[in-house]
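Student: Please give me a close look at the salt bridges in this model. Take the pairs within a chain, then the contact between the chains.

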Amino acid sequence: MYKVFIVDDEPFIIEGLYDIVDWSSFGMEIVSHAGNGQAALQALTSQPVDILITDISMPLMNGLDLIREARRVKPELKVIILSGFNEFEYLKEGMQLGIENYLLKPINVEELESTLSNTASKLDHTLSPQADDAYGIQILKDNILHRWLTGQIAATEFEERAQFMNLSLDAPDVAVAILRDKGQVPGMV
Amino acid sequence: MKIVSVYNNFFKNNMFMKMLLIFSMISIVTIITLSYIIFLSVSDSTIRRELAIQKAAMEHVDRYIHQQYESVQNMVRDMHQNEALSANITYLMNHSYAEYVQHMTNGYYANQDDYSADVLKHFQNIMDRNSQINQLMLYSAEQQDLSTFNQHKQFRKLDANVAHSYIPDVMAMETPNISAPNYWIRKEINQWDPALYSIRVPINNTQTLRNLGQFLVFFDSEGIGNALDNYESNLKGEIVVLSAKGTVLFDSNNHYYGKKYPYVNVADSLFDQTDMDSMKKEQNMYVNKFVSADQGYVVIGTVPVEEMAETYAGIRNTIISISIVCILFAVLVPAFFIINFAKRTRRIIRFTQKVKYGNLTARIDDARDDELGQISHSFNDMLDELNLYIERVYKAEIKQKETELVALQARINPHFLYNTLEVIRMRAISQGARDVGEMIYSLSVLFKSLVQQKKNYTLKDEMEACRLYLELFRIRYKDIFIYTIQIDAAYYQHPVVKLSLQPIIENYVVHGIQTERSDNRLSIVVEETDDVVQVEVRDNGKGIDPARLTEILEELERPEESGQMFGLRSVHSRLRFLYGPEFGITIESTLGEGTRIRVRYPHTEGTGV
C-alpha cells in the first residue's frame, strides 16, 4: 500500500477526496491530511509518505513551499497539485519542482484516477531512488505523454496540459521510438 | 505618336494645363495678329511716305527738264527777236562757213554791226551761261548741213546731205522735242557719251513760217542729277528718265546709261494714266511712274523692296521685341498663378487620398482664404468633427461595454465561486449524491468556459460548452430529454464566435422543451455546404406559432437593442456583422412538431472574434 497525504484548506474537499476515489483499488491509502502547509510538513517529517496531494493556496505556507520542504526530507516524493482558478504562475513554479500532475478545480475524477494509476505503476517500477531527474518539469511531461500514448488521458485534459507545457502537437505525423533494454551485456555499463 | 503621349502625360486629366494652354494660344494668336496688323500699317505708311518723297523728286526732275526745254525755246525766241542775229543765223544756215565769215566781216566794216550779232559769239555766250549744255547744233533744212558747237567752243559745220546721211530724215521726223540724242547725229559729231539728252526746237521763218531747220541742244544728264541734290539725303531707290523709245535719258544711280531699262515696258507707260497714285510692285521693286506725255519722256522712280524694307526695319524690330515681351508676360504670369493653384488643388487631392486609406489625422495646411483655402478649412473641420464623433460615440460606447463587462466579471469573484462550488460538490459526493456532484461539476466547468478568454475559440470549445449545458439540463430534467451532438473532427478547430450556439440551446431549454413528455430530443449536426459551415439544431419541442415566427424573423433583422430574444438576435447580428450578410441564423418551425435552427459560419478563415 502506498501512503498518501492530502493537504487542503477546505475540510470538505479533503473529505470529498476520501470519498470520490476508491484508493485501495490503486494500492493506496490515505494515511493523513492537514489543513495548511506547516502542519503538513510537520506530519510529513515525522511520518514520510509516498504520494502528496496538495492545494497551492493555503495559509501558513503554501503548497509550493511545502513541496520544496518535503522534498528535502524525501526527494523521491511523488506530488500531485490541486489548483484553483487562474493560478497559472504557481502552477508553472510547481511544474519546475517536478510533479506527477496538476488537477484544476473542479476536480475531474477520471483524471485523478488516471493520475493515481500512473503514479502507482511508476512506484511499482522504481527500484532505486530517482536521483538523476535533472529537470523537474520533465517528470510531468513524461507522465502526460506516457498516459497519452497508452490512452490513459482524456482529450480535453491532454490538450489543456499540452498547451500549458508548451508542447506543440500541430504537426500531422508523430514518431514513436521504443527503446528496450536488452538486458545486461558483460563488459558494458 | 509623340504628341499623343505628351497629351496623355500632361494634359489628359489635367484641367489646369488645358486651361493654360488654351489661354496661352489665344494670347499668342491675338498678340501676333495685332502686331502684324500694326506692322503692316506702319510699313504701309512708311512706303507711301518714301514714295511720296520720290514722287516729289520726280516732279522736280520733270520741272527741271521742262525748264530746260523752255530755256531752249527762249533761246530760239531770243534768236528771232534779235533781228541782226536772226539774219545772221539764217545766213549761216544757208551758206557755208567761209561765206558766213565773209558776210560777217563785210557787215562789220559796212554796218558797224554789233559784235553780239555774231552767231558764234551768241552761241558761245549761251554755252558759257549754261554749263549743262554739251552741244549746240543748228540744222539747216535747205543746206542740209549741221552746225555744231561743243563745250570746248569748237565750231564745225558738217555736211548732212540726204544722199549720205540719215540726218535730214531724222530732222524731218516728228519725234518728241525731248529725247535721247539721235544715233546718226551722234555719229556725225562723234559724241558718244550716253549721259545726254537732247531738246529740239524747230526754227521757222518768222514771216513765212516755213521750217528753216532745227535747233538742237544736247544737255548733260548730270544736270538733272544736280537738280536732285536737295533730295539726295532722303531719296531712296533711283530715278530714271526714259525717252519715248525707252532710252535712258537720266539715271540717278548711273546704272543704265546706254542700256535698256528693264523694269518698265515703256510703250505701256506712255498710254498709262498719269495719276499720282500709280504705285506698282514688279520684280521686287516699287515703281513710281510719272509721265510727261506731251514732251515724250517718262520719269520713273523705283525703290527696291529690300531698300524700302530697311526704312521700316527699325520699327519692325521694335514691334517684334515688344510682342515677344508681351507674349512672355501673357503666358508666364497666368502660368505662375495657375500652377500655384494647381499645386494647391493637388495637395488637397493628396490629402483626400490619405484619408481614403484610413489616415484620419491628416490635415491640409492652407492658410489662404480663397476658394481652395475654404475647401481646405472645411475639409479639416470635417475631419475634426469626424474624429470627435468617433471618439465620443463609438469609442465611448465600446468603452462602456468593456467597463460593464469588467464590472460584471469583477462582481463574480471566480476564486470564491469555484472554491465554493467545489466544496459543495465534494460534500455532495461525500453524502453519496453523485448526481448532484456531477451537476455541480458541469456547472463549474460551464462557468469557467464562459469567463475564460481563449485566444482561438473554436467550434469544439463552443460545442463543449453546449454539451455541458445540455448535460446539466439532462440531469435536471431527470432524463426526459436526450441530446446528440454530431460533429466531424475536421471542424473541431474551426474558429467561431463565442456564445453563438449556446443561446440557441438555451432558447430550446427555456421555450421549446415539453416537460410533460419524456421523449424530448435535441440534435446538433455539423455539416458543410459550399463555403458555409452549418450547425443545425433540431428539436421536437413545442414549435413556434407562424405569426410569432414571422414576428421573430422580422425582429431578427432589426439592429440589436435590449429586449426580447436578446440571445437569438444577438447571435444573428454578431454573425452578420463579423462575417457578412449571407451568414447568421435561419429559423424554421412547425407548431406542435418542432423547430430547426441553422447557424451558418463561413468556411474560410474568418475574421476571428
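Tutor: Start with the burial classes: buried means under 20% relative accessible area, exposed means over 50%, and partly exposed lies in between. Keep in mind that this is a predicted model.

Glu588(B) shows the middle class. Its relative accessible area is 34%, so Glu588(B) is partly exposed. Its salt-bridge partner is Arg598(B), with 3.0 Å from N to O between the side chains. This pair joins distant parts of the chain. Arg598(B) sits in strand S16 of chain B, residues 594–602. Glu588(B) sits in strand S15 of chain B, residues 584–590. The two residues are 10 apart in the chain. Arg598(B) falls in another class: its relative accessibility is 18%, so it counts as buried. That value is under the 20% cut-off.

Now take a second pair in chain B. Arg517(B) and Asp519(B) meet through their side chains in a salt bridge, 3.1 Å from N to O. Here Arg517(B) counts as partly exposed because its relative accessibility is 30%. Asp519(B), at 40%, is partly exposed too.

Chain A offers a buried case. Glu111(A) forms a salt bridge with Arg147(A), and their closest N and O atoms lie 3.1 Å apart. Again the pair links distant parts of the chain, with the two positions 36 residues apart. Glu111(A) belongs to helix H5 of chain A, residues 109–125. Arg147(A) belongs to helix H6 of chain A, residues 136–149. Glu111(A) has 2% relative accessibility, so it counts as buried. Arg147(A) is buried as well, because its relative accessible area is 1%. Nor does this pair stand alone. Salt bridges link Glu111(A), Arg147(A), Glu157(A) and Arg161(A) in a network.

What is the count of salt bridges over all chains? The rule gives 24.

Next, the interface. How many salt bridges does the rule find across the interface of chain B and chain A? It finds 2. One of them joins the side chains of Glu159(A) and Lys460(B), at 3.4 Å from N to O. The rule also finds 8 residue pairs in polar contact across this interface, both residues being at pLDDT 80 or more.

Helices feature on the chain B side. Helix H12, residues 414–430, and helix H13, residues 434–451, each supply at least two residues to the side of chain B that touches chain A. H12(B) gives the most to that side, with 11 residues. By class, the side of chain B that touches chain A has 7 nonpolar, 5 polar and 6 charged residues. In total, the contact takes 18 residues from chain B and 19 residues from chain A.

Area is the other way to look at it. The size of an interface is often given as the accessible area lost when the parts come together. Chain B and chain A bury about 1900 Å² between them, and 60% of that is on carbon and sulfur atoms.

Last, a check on the cysteines. The count of disulfides over all chains is 0. Two cysteines of chain B differ in burial class. At 36% relative accessibility, Cys326(B) counts as partly exposed. Cys466(B) counts as buried because its relative accessibility is 0%.

Terms used. Residues are numbered from 1 along each chain as its sequence is written. Chains are lettered from A and ligands numbered from 1 in the order in which they are written. This is a predicted model: local features need pLDDT of at least 70, side-chain atom pairs count only at pLDDT 80 or more; totals for chains, interfaces and linings use all residues. Side-chain values use heavy atoms; hydrogens and water are left out. Contact means heavy atoms within 4.5 Å. Buried area is the accessible area (1.4 Å probe) that two parts lose on being put together, summed over both. A salt bridge is a side-chain nitrogen of Lys or Arg within 4 Å of a carboxyl oxygen of Asp or Glu. A polar contact is a pair of N or O atoms within 3.5 Å; within protein, one must be able to donate a hydrogen and the other to accept it, and residues adjacent in sequence count only if both atoms are side-chain atoms. Helices (H or I, at least four residues) and strands (E, at least two) are DSSP runs, numbered from the N terminus. Ala, Val, Leu, Ile, Met, Phe, Trp, Tyr, Cys and Pro count as nonpolar, Asp, Glu, Lys and Arg as charged, and the others, Gly among them, as polar. A disulfide is a pair of cysteine sulfur atoms within 2.5 Å. Buried means under 20% relative accessible area, exposed over 50%, partly exposed in between (1.4 Å probe, protein chains only).
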